[in-house]
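Visitor: Could you take me on a close look at a single part of this model? I would like to see how one helix is placed among its neighbours, and then how that fits into the wider picture.

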Amino acid sequence: MTADAQFGWSGTIGEVTLGATKAEGGTRRISYRIGGGTTLPFMEKENSSLTPLIAFEVCDYPKTWSPIVRNYCGDLVNDLCAWTKTADTTYRADLIRLHLNSTRQRDFSDIPAVGKTVEGVLSASSLPLIIEGSNEPKIDSEVFQRCGESGQGERLLLGTAEASHYRSIAAAALAYNHSLIAQSPIDVNLAKQLNILLKEIGVTRDHIIIDPYTGALGYGFEYSYSAMERIRFAALKGDSDLAMPIICSAADSLNIKEVREADPAMQDAVAVSWEFYTGIAAAAAGAEIICVRHPKTIGMLRQAFASMKARPGPAGVE
Amino acid sequence: MALKALDIYKLLPKKNCKECGDPTCLTFAMKLAGGKADVDLCPYLDDQAKSVLGATTRPPIRLVRVGVGERFFKVGEETVLYRHEKTFYHPPGIVFRVSDLQTPDEIAVVTRRVRDETFTRVGTDLRFSGIAIENTSGSPEIFAKTVAAVEKQQAHLPPVLIAKDPTAHSAALVHCGTYRPLLHAATGENYRDMCALAKKHGCPLVIRAATLDGLINLVKDCIAEGVQDLVLDPTPENLGAFISRSTQIRQLAITRSVPELGYPVYLDASLTGLQDAAIVLGIVKYASVIVTSPLMPGPAKASLTLRQNIYTDPQKPIQMNPGLYRVGNPEKDAPVLMTVNFSLTFFTLQGYLESSRVPCFMLIVDTEGLSVLTAVAAGKLSEILVRDSLKKFGVENEVTHRKLIIPGYASPLSGRIEEATGWKVLVGPRDAAEIGEFLQEAWKKQG
C-alpha cells in the first residue's frame, strides 16, 4: 500500500524578483526570484521554490539600535558602508536591509543625505537591497522618491507600506520599478485588503511582499505564526490577492525582557536563540525572507534551511 | 466517515448501565461521536459493533500517557493541521537525554535540573518534561544501573528508555516498570519482544521505521500483539524529511485516511545534527515527544516559550471585551488596575497579577485592541474613556476606595484622569513583570 497525504491545493505563490544583475539592468552580482511554491513550505517533492533568504539589518543611525548588536559589531556600526560590506563578506547574508532610521528623528529634513546613504550602501555591497524608509507623512514622499531614484535599475524592495500610508512608497516603487513591503497588523483579512488597495493604484502582484508583522517570541509570536500560515493557506487555495511571498522581521526580539536581562556572559547566545527560534518557525509557516540583526544568527539559519530544504530519501511513498 | 450520535446509539446495548461512566447510552453515544470517549469503555458491545464503532469514533490520534504522578504528561488527541482551525491541545514533552556512559554525578545533575528548573512566563510555570536514558554502552547491566541511579534521585520524572536490545529494556524495567516509561523502540526485528515488555509493564511503546508504510505495517503488527499505546518515530535523516513525514502523518491521521497513523510522533532532535532547529520544527510541526541533550539557557527558554506560544488557544481574541475583570476574590478594598483591551497586554498583566496573589480588579477599557503605548500616542486612551469606563462598569459600587492604578506608559494622562474622574491616580510600572512588587510596596504603603 502507499500512504500519501492529499491537500488539494490549486494556487501557486506568485514570484517576486529582488535585485537586478547587469544583464537585468542593475549592478547586483545576483538577483533572487522568490515565491513559486505550490504546497506547504518544505513539502515539495521537487524543489520549485528557493531556500528562504536571510537579510541582515543595518541602519544609518545606530544610536537607537540594539545595544547587543552595537556591542557585538563594535565600531563597525558607526561606519555604515563598512558594516554593510562586512554583512556581505563576513556575516554572509543573502540580502542587506537598510533602515533609514535617521529619518525617524524629530524634524528630520536632510533628504539629500538619504540619497547619499543609499548610494553608499549600494556600492559597499552588490547584494540585493531592502530599504526601510521614513514613517512621517511630511517627508515620506521625498524620502521614498530619493530612495527610488538612487537605486534606479536595482530592483529594490522598499518598506514599509501600511493601510494608513502607502501612497508615497507605492509612487516611488511604480516610478522606478521597485517592489514594496505591504505590512498589516497580524490579520489575514487586513493583509488582503492592503494588497487590493495597492493593486488599485497599479502595484502589481509581482512587486509585493507581505509582512504580516512579527511579534517577538513570547510576545505575540503565535499570532504572527498563524497569520503567516493562514496567508499561505489562502494563497494555495487560490486567493491571488494573498499569493505573495512573506517577509518576517522579528525586530523586537533583541529588546524583550528575556534577552535584555540575560546573564551578560550569555546575552549574545540568548539573543541568537531568540532570533533563530523565531526565524525557523516563521520559515516553517511560510516566510521566505527572514530578517535578523545579530550576525551570529545568519550561519545557524543557513545551515538549518539547507536541511529543511533537503528532500527525504525514498521514504513514505513506495 | 464519521457516524452521527444516533447511528452510534443504535449499535449500543441501550441498557443505561452507567458502567462506561456516562449516565445513559445516548450521552455515551454523543461522546463517541465527538471523539471524546473510547468504545472499549462499554463492556457489553459485541466484536462486530466494536469494530464498526472503533474505526470511526476513536479520537483520530490516540491519547498516550507517559510517566505517573504529578509530572506525567499526555500527548495525542489532536484534531487539526493548523492551530488556527481549532487549537493544539497537548504540548509535546521535551525530554532531556542522558547516556549510560555518563558518570552518576553528571546524570544526577541533569535529573535534578529537569526536576527543579522552572521558567515562569505570563503566570505559568514552564518546565522540561522528563528524562531519557540511552543505552549507549550496549550493556543491559550498565543500562539498568543507570536507570536505577536516575530513579534514586526521587525526581519522579516521566522516563524514556532508549535501547535497541529488548534485554536491556527488560533489565531497566525492573527499576522503573511501574512508572509508565516510554520504551524506544520497536522495529521490524524486535517488535515481538518489545511488545511483550510493553504489555507486561503497561508502558507506551515507540515504533521506529523510516517510511510511512514501514510505520503502518509495524503498527498493525504491534496491535496484533496487543499493544495499543504506540508512538511513531519516523527517524528523519534531515529536517526536510521530518517536516514532510510528520505533516503527512498528521494529515492522514486527522482525516482518518490511514487509521494506523493515528498516534503521536516522536522526534530525536539530535538525529539531524541540528538540534535547535529540530526542536523548533518538532514544536510547530506536530511532534509529541522531543528528545534532546540538555539545553543551554538560551535554547532552553526559547523552546519552552515557543511551545507555550504555539499551544496557546488561538481562539482567544486579540481584543478583549472591555469590562471589569476579577483576579482572585477581590474585596471592597482591593486595588483597581486600569489597562487597555489588547489581549496580549491583558494576558500578560493578568498572568503577573495572578502570580502576585493579590486579589484585585482589572478595568479593561476599549482602545480597539491597541497596546498602551500606541493607544496613548494615537489618542485612543483618554481621560474621557477612563471616566466613562469607570461609570459603565460600575466600579464605584465594587470598591469603597477611589484609587486607580494606571499603566506606566499612560503616566502623561495621570493629571487629566484625576481631574475627569475625581479618583486618585497611582502610576504603575511600565513593565507588567514589576506589578507584583508594585502592589506589595506602593499599594500597601499608601494603604
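Guide: Happily, and a definition helps to begin with: a helix axis here is a line fitted to C-alpha atoms, over the stretch in contact, and the angle between two axes runs from 0 to 180 degrees between their N-to-C directions. Please keep in mind that this is a predicted model.

Let us take helix 10 of chain B, residues 275-284, as our part. Its axis and that of helix 9 of chain A come within 9 Å and cross at roughly 50 degrees. Angles under 35 degrees count as roughly parallel and 65 to 115 as roughly perpendicular, so helix 9 of chain A is oblique to helix 10 of chain B. The crossing of these two helices is right-handed. On the chain A side, the residues that meet helix 10 of chain B are Phe276(A), Tyr277(A), Ile280(A), Ala281(A) and Ala284(A). Facing them from helix 10 of chain B are Asp276(B), Ala277(B), Val280(B), Leu281(B) and Val284(B).

Within its own chain, helix 10 of chain B packs with helix 11 of chain B, at an angle of about 15 degrees and with the axes 9 Å apart. With the limit for roughly parallel set at under 35 degrees, helix 10 of chain B and helix 11 of chain B are therefore roughly parallel to each other. Here too the crossing is right-handed. Helix 10 of chain B brings Asp276(B), Ile279(B), Val280(B), Ile283(B) and Val284(B) to this contact, while helix 11 of chain B brings Pro299(B), Ser303(B), Leu306(B), Arg307(B) and Ile310(B). Asp276(B), Val280(B) and Val284(B) thus appear in the contact with helix 9 of chain A and again in the contact with helix 11 of chain B.

Now let us step back to the interface. In total, 46 residues of chain B are in contact with 44 residues of chain A. Helix 8 (212-224), helix 9 (239-254), helix 10 and helix 11 (297-310) of chain B each supply at least two residues of the side that touches chain A. The largest share of that side, 10 residues, comes from helix 9 of chain B.

The nonpolar cores add to the picture. The largest has 194 residues, and those touching the most other members are Ile96(A), Leu158(A), Leu180(A), Leu205(B) and Ile207(B). Helix 9 of chain A (residues 267-285), our partner from before, gives this core its largest share, 12 residues. Apart from it lies another core, of 39 residues, including Val336(B), Leu370(B), Val372(B) and Phe438(B).

Finally, here is the chain that holds our helix. Chain B has 17 helices and 17 strands, and its C-alpha atoms fill a box of roughly 80 × 60 × 40 Å along the principal axes. Of its 447 residues, 47% are buried. Among contacts in chain B with a separation of 6 or more, 64% join residues 24 or more positions apart. The domain assignment gives chain B domain 1 (5-57), domain 2 (64-310) and domain 3 (323-446). The centres of domain 1 and domain 3 of chain B, taken over C-alpha atoms, are separated by 50 Å.

Methods: Residues are numbered from 1 along each chain as its sequence is written. Chains are lettered from A and ligands numbered from 1 in the order in which they are written. This is a predicted model: local features need pLDDT of at least 70, side-chain atom pairs count only at pLDDT 80 or more; totals for chains, interfaces and linings use all residues. Helices (H or I, at least four residues) and strands (E, at least two) are DSSP runs, numbered from the N terminus. A residue is buried if 20 or more other C-beta atoms lie within 10 Å of its own, exposed if 12 or fewer, and partly exposed in between; C-beta atoms are placed from the backbone. Two residues are in contact if their C-beta atoms, placed from the backbone, lie within 7 Å. Domain bounds come from an automatic or database domain assignment. A nonpolar core is a set of buried Ala, Val, Leu, Ile, Met, Phe, Trp, Tyr and Cys residues joined through C-beta atoms within 7 Å. Angles under 35 degrees count as roughly parallel, over 145 as roughly antiparallel, 65 to 115 as roughly perpendicular and the rest as oblique. A crossing is left-handed if the near helix is turned anticlockwise from the far one by less than a right angle, and right-handed if clockwise.
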